[in-house]
Amino acid sequence: MKNVNILGTEYSIEIDDTLEKTKLDGLCKEYDKRISIRNAGSMLNDNDSTDTKKIRFEEVLRHEIIHAFFYEAGLEDYSDNEQLIDWIAKQFPKLEKAFKEADCL
């Protein structure tokens with residue numbers, strides 16, 4: 001898919017259809033420097049809209065990238081905190097909007 005720079009370390013981002021078997025939507029492989037994520041079309045339920053699935057895909061990708069940031073920063077304990085990771089991933093668009101409004105990016 002593409003690469004992303006996480007605190008100076010290149011992580012590859014790839015679509016991995018085998019994740020469906022594991023019931024995971026995404027996975028950050030810190031030692032392999034790889035983020036695997038399910039195809040957006042296979043997210044959520046079959047009856048969910050394409051737009052809803054895209055929102056979920058982006059949230060999961062943010063979630064896995066945040067895992068990588070904590071790991072690369074040496075904050076492995078935070079990287080294992082799924083509640084914290086989920087909160088940041090879900091709230092980041094609102095944080096970004098507030099930072100832009102405050103002109104502090």
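**Questions on E72, Y71 and helix α2**

Modeller: Once neighbours within four places in sequence are set aside, E72 is in contact with I6, L7, T9, Y11 and K33; these contacts belong to a predicted model.

Colleague: Where does E72 lie, and what makes it partly exposed?

Modeller: E72 lies in helix α2, which spans residues 50–72. Its relative accessible area is 23%, and since buried means under 20% and exposed means over 50%, with partly exposed in between, E72 is called partly exposed.

Colleague: How do you know that the side chains of E72 and Y11 make a polar contact, and which value supports the one between E72 and K33?

Modeller: The side chains of E72 and Y11 are joined at 2.6 Å, and those of E72 and K33 at 2.8 Å; as the distance limit for a polar contact is within 3.5 Å, each pair is given that name.

Colleague: How far is E72 from D51, in sequence and in space?

Modeller: E72 and D51 are 21 residues apart in sequence, and their C-alpha atoms are 32 Å apart in space.

Colleague: How many aromatic pairs does the count give, and why is the pair of Y31 and Y71 called edge-to-face?

Modeller: The count comes to two aromatic pairs. For Y31 and Y71 the ring centres are 5.7 Å apart and the planes stand at 75°; because rings pair when their centres lie within 6.5 Å, and planes over 60 degrees apart count as edge-to-face, this pair is edge-to-face.

Colleague: Which parts does that pair tie together?

Modeller: Y31 lies in the loop between β3 (26–29) and β4 (34–37), whereas Y71 lies in helix α2, so the pair ties together parts that are 40 residues apart in sequence.

Colleague: Are Y31 and Y71 buried or exposed, and how do you know?

Modeller: Y31 has a relative accessible area of 72%, which is over the 50% limit, and therefore Y31 is exposed. Y71, at 17% relative accessibility, is under the 20% limit, and therefore counts as buried.

Colleague: Why is S36 called buried, and which residues are in contact with S36?

Modeller: S36, which has its place in strand β4, has a relative accessibility of 0%; because buried means under 20%, S36 counts as buried. Neighbours within four places in sequence aside, S36 is in contact with E14, D16, L19, D25, G26, L27 and K29, and with K29 it also has a side-chain polar contact of 3.4 Å, which is within the 3.5 Å limit.

Colleague: What makes α2 oblique to α4?

Modeller: The axes of α2 and helix α4 (residues 82–101) come within 9 Å and cross at roughly 125°. Because 65 to 115 degrees counts as roughly perpendicular and over 145 as roughly antiparallel, the angle falls in neither class, and α2 is oblique to α4. The crossing in which α2 passes α4 is right-handed, and the contact is made by E59, R62, H63, I66, H67 and F70 of α2 with residues of α4 including E82, L84, I85, I88 and F92.

Colleague: What is the phi of L7, and what is that of K23?

Modeller: L7, in the loop between β1 (2–6) and β2 (9–15), has a positive phi of about 50° although it is not a glycine. K23, in the loop between α1 (19–22) and β3, is likewise not a glycine and has a positive phi of about 70°; at a relative accessible area of 71%, over the 50% limit, K23 is exposed.

How values were computed. Residues numbered from 1 in each chain as written. Predicted model: local features only at pLDDT ≥ 70, side-chain atom pairs only at ≥ 80, totals over all residues. Heavy atoms only, no water. Helix = DSSP H or I, 4+ residues; strand = E, 2+ residues; numbered from the N terminus. Buried < 20%, exposed > 50% of the residue type's maximum accessible area, 1.4 Å probe, protein only. Contact = heavy atoms within 4.5 Å. Polar contact = N/O pair within 3.5 Å; in protein donor to acceptor, adjacent residues only side chain to side chain. Phe/Tyr/Trp six-rings, centres within 6.5 Å; stacked < 30°, edge-to-face > 60°. Axes fitted to C-alpha atoms, helices over the stretch in contact; angles between N-to-C directions. Parallel < 35°, antiparallel > 145°, perpendicular 65-115°, else oblique. Left-handed = near helix turned anticlockwise from the far one by under 90°.
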